[in-house]
Amino acid sequence: MSNIDIPVPQSRPLNVQPPERSATQPPAVWKGYEKYLFRVAFIFFVIMSIPTGSGWYVNLFTIDWTAVHYRDLYDIARFQPNFLGGGGEGGGPSALYGYADWLLILAIALAGGVIWSLFDRRRLNYNLLYYWLQVIVRYRAAIGIIGFAYTKVLPVQMPYPSEGLLNTNFGDLTSQKIYWLSISIVPWYQVFAGIVELTAGILLLFRKTATLGAIFLFAALGDIVYVNLAYDGGVHVYSSYFVLFAAFLLVKDVPKIYNLLVRERYTAPVNYELQFRQPWLRWARIGLKAAVIYIFLILLGWVQWENFRYDPYKQPAAKGITALRGYYEVTEFRLNNQLLPYHPLDSLRWQQVTFEKWTTLTFKVNRPQRLDLSNGGGSPMRDINRTFELAGVGGGQRVFYYEADTVHHVLYLQDKNRSGVARNAPPQPQFLTADQEYRQIHESALTTRRRRGIPRERARDGGRPRMTLHYETNADGSEVVLRGVDERNDSVYVALKRLNKQYTLSKSSLNAGEY
């Protein structure tokens with residue numbers, strides 16, 4: 001500490017005398033309970049600001065900075081304490097709905113505060129340490145919310161509904177899915193929400209605007225906490241994390257805000273800063289701030305733009321067969337050469353079929369399926385593991401990823417829903433090689449992380465239900481015939497007729513991906 005001075009208030013005009021000293025600067029001597037509460041807060045927020053999972057460090061030290069994927073930087077920005085494992089966002093009562101780690105850290109902080117008090121009884125105040133704690137909390141909150149914000153500014157967090165989702169019965173959607181879709185259908189509102197979050201993060205990076213940034217953060221993320229609790233969403237813990245950090249940053253300003261807005265008294269904001277005596281310390285401070293701004297504002301913004309254009313993380317990147325795209329009614333369905341006439345309660349007959357713009361086939365049968373209750377992110381490194389199309393969708397909706405042999409007109413399909421599939425199931429043969437999967441991705445999006453992730457996920461991708469179907473279509477794709485074997489090795493024959501369905505919902509002018 002020999003190279004720095006204790007923070008002091010910035011100078012004020014000499015002809016202005018604030019009426020109350022407590023509204024402008026902290027007291028020289030803190031009360032006993034204030035010192036204890038600070039000790040607890042210091043231990044608590046420092047632990048909350050440190051990555052605890054080994055995966056975070058593995059990611060940090062294996063990033064290829066010559067070919068950065070947005071997820072490389074996003075995973076640096078997005079972390080929260082995880083000492084107990086499991087539980088998580090939707091862990092239920094056994095994990096205290098994901099907040100068990102917080103309570104554990106609070107218990108450690110309370111005990112640590114007592115021990116600290118025993119060995120530091122003569123301390124008059126913690127003004128200097130309080131300053132540094134605010135810096136830690138500001139930067140942690142800023143980096144985290146900037147990473148969170150970019151997935152909305154360039155809307156990939158809540159994709160515009162796919163054709164299959166547009167033809168799903170409302171009653172077959174979970175409450176979480178309904179909320180996510182209600183945001184996705186107004187992408188420019190999603191962009192606005194992202195801009196608010198991004199603004200909060202930028203303001204938090206600078207000491208003089210930190211209070212305004214904390215207000216933005218508290219308001220924006222408080223709303224997200226509420227809707228995630230109301231709609232059984234999957235990010236209530238992580239959004240609460242930012243609300244907590246914002247509240248801590250605002251605590252020191254509550255008396256001044258109250259004095260100004262309620263008591264209508266003169267209130268002068270006081271900003272504290274450290275005066276670094278040696279030049280290298282001043283340059284180090286500037287360099288660290290510049291590095292944060294470059295990595296998490298400029299570089300992350302650029303790679304997120306590349307992701308939005310070519311590889312949106314909740315949608316497959318590979319283009320589907322253009323001639324097959326659309327929504328179809330099933331005009332004829334045969335199972336093991338037996339004709340099954342249409343009946344809404346038939347548990348075997350396909351009822352409606354959709355070929356998406358990307359490599360996904362969906363159809364509906366009147367048979368219950370295991371429900372995917374994730375937030376739809378899946379694993380962004382491989383198209384088959386991107387699950388937004390099926391997450392939160394019931395009603396017998398089946399979602400299959402396909403690889404196509406366009407020469408022989410064959411579709412190799414695998415069920416995207418891994419619910420109920422054994423985790424250690426042996427890997428199965430793949431139609432496309434890893435190199436062929438690479439070629440389905442635009443070269444700008446084919447980062448080192450994608451190159452590593454595809455073979456890694458292929459090696460453990462076993463046990464999925466599979467189908468092999470030959471397809472025939474007329475010139476304009478309005479009529480399609482599928483024939484082959486389904487996941488139970490039954491022969492199927494499906495005749496399809498495209499429906500040019502008109503939706504009340506207008507088409508989006510802001511779509512991720514180039515298909």
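Which side chain meets arginine 418 in a salt bridge? Here are my notes, with that pair picked up at point 4.

1. First, the basics. This is a predicted model, so please read everything below with that in mind. The chain is built from 14 helices and eleven strands. Its C-alpha atoms fill a box of roughly 90 × 45 × 40 Å along the principal axes. Of the 515 residues, 51% count as buried.

2. Now the salt bridges. Side chains of opposite charge can pair when their charged atoms come close. Searching the whole structure turns up 23 salt bridges. One of them is between arginine 449 and aspartate 75, at 2.8 Å from N to O. That pair links distant parts of the chain: arginine 449 sits in helix H14 (residues 448-459), aspartate 75 in helix H3 (residues 70-77), and they are 374 residues apart. Aspartate 75 counts as buried because its relative accessibility is 19%, and the cut-off for buried is under 20%.

3. Next door in sequence to that arginine, have a look at arginine 450. Its side chain meets that of aspartate 383 in a salt bridge, with 3.2 Å from N to O. Here too distant parts of the chain are linked: arginine 450 belongs to helix H14, while aspartate 383 is in the loop between strand S6 (360-364) and strand S7 (397-405), 67 residues apart. Are these two partners buried or exposed? Both aspartate 383 and arginine 450 are buried.

4. Back to the opening question. The side chain that meets arginine 418 is that of aspartate 461, in a salt bridge of 3.0 Å, N to O. Arginine 418 is in the loop between strand S8 (410-415) and helix H13 (434-439), and aspartate 461 is in the loop between H14 and strand S9 (466-473), so the pair ties together parts that lie 43 residues apart in sequence. Arginine 418 counts as partly exposed, at 27% relative accessibility, whereas aspartate 461 is buried, with a relative accessible area of 2%. The pair also belongs to a network: salt bridges that share partners join Arg382, Arg418, Glu437, Arg458, Asp461 and Arg464.

5. On to the surface. Leu212, Ile215, Phe216, Ile257, Tyr258, Leu260, Leu261 and Val262 make up a nonpolar patch there, and together they have about 730 Å² of accessible area. Helix H9 (210-230) and helix H11 (254-261) each supply at least two of the patch residues. Which element gives the largest share? That is H11, with four residues. Valine 262, another member of the patch, lies in the loop between H11 and strand S2 (272-273). Valine 262 counts as exposed because its relative accessible area is 52%, and exposed means over 50%.

6. Two backbone angles to look at. Most residues other than glycine have a negative phi. Glutamate 264 has a positive phi of about 55°, although it is not a glycine. Glutamate 264 is in the loop between H11 and S2, which is also where valine 262 lies. With a relative accessible area of 66%, glutamate 264 is exposed. The other case is histidine 409, also not a glycine, with a positive phi near 60°. Histidine 409 is found in the loop between S7 and S8, and at 35% relative accessibility it counts as partly exposed.

7. Finally, the empty space inside. Rolling a probe the size of a water molecule over the atoms shows where such space is left. How many cavities of 30 Å³ or more are there? The count comes to four. The largest has a volume of about 90 Å³. Its lining includes Phe333, Leu335, Trp350, Arg367, Arg398, Asp486, Glu487 and Arg488. By class, that lining has seven nonpolar, no polar and five charged residues.

8. The second largest cavity holds about 50 Å³ of space. Pro159, Tyr160, Ser162, Leu165, Lys314, Gln315, Trp358, Phe388 and Glu389 line this second largest cavity. Its lining divides into five nonpolar, two polar and two charged residues.

Terms used. Residues are numbered from 1 along each chain as its sequence is written. This is a predicted model: local features need pLDDT of at least 70, side-chain atom pairs count only at pLDDT 80 or more; totals for chains, interfaces and linings use all residues. Side-chain values use heavy atoms; hydrogens and water are left out. Patches are made of residues with over 30% relative accessible area and no salt bridge: like charges are joined within 9 Å, nonpolar side chains (Val, Leu, Ile, Met, Phe, Trp, Tyr) within 5 Å. Accessible areas come from the Shrake-Rupley method with a 1.4 Å probe; for residues, only the protein chains shown count as cover. A salt bridge is a side-chain nitrogen of Lys or Arg within 4 Å of a carboxyl oxygen of Asp or Glu. Buried means under 20% relative accessible area, exposed over 50%, partly exposed in between (1.4 Å probe, protein chains only). On a 1 Å grid over the protein atoms alone, a cavity is a set of points where a 1.4 Å probe fits but cannot get out, and a pocket is an open set with protein on both sides within 12 Å along at least five of seven lines; lining residues have an atom within 4 Å of a point. Grid points are joined across faces, edges and corners, and a volume is the space filled by probe spheres set on the points. Ala, Val, Leu, Ile, Met, Phe, Trp, Tyr, Cys and Pro count as nonpolar, Asp, Glu, Lys and Arg as charged, and the others, Gly among them, as polar.
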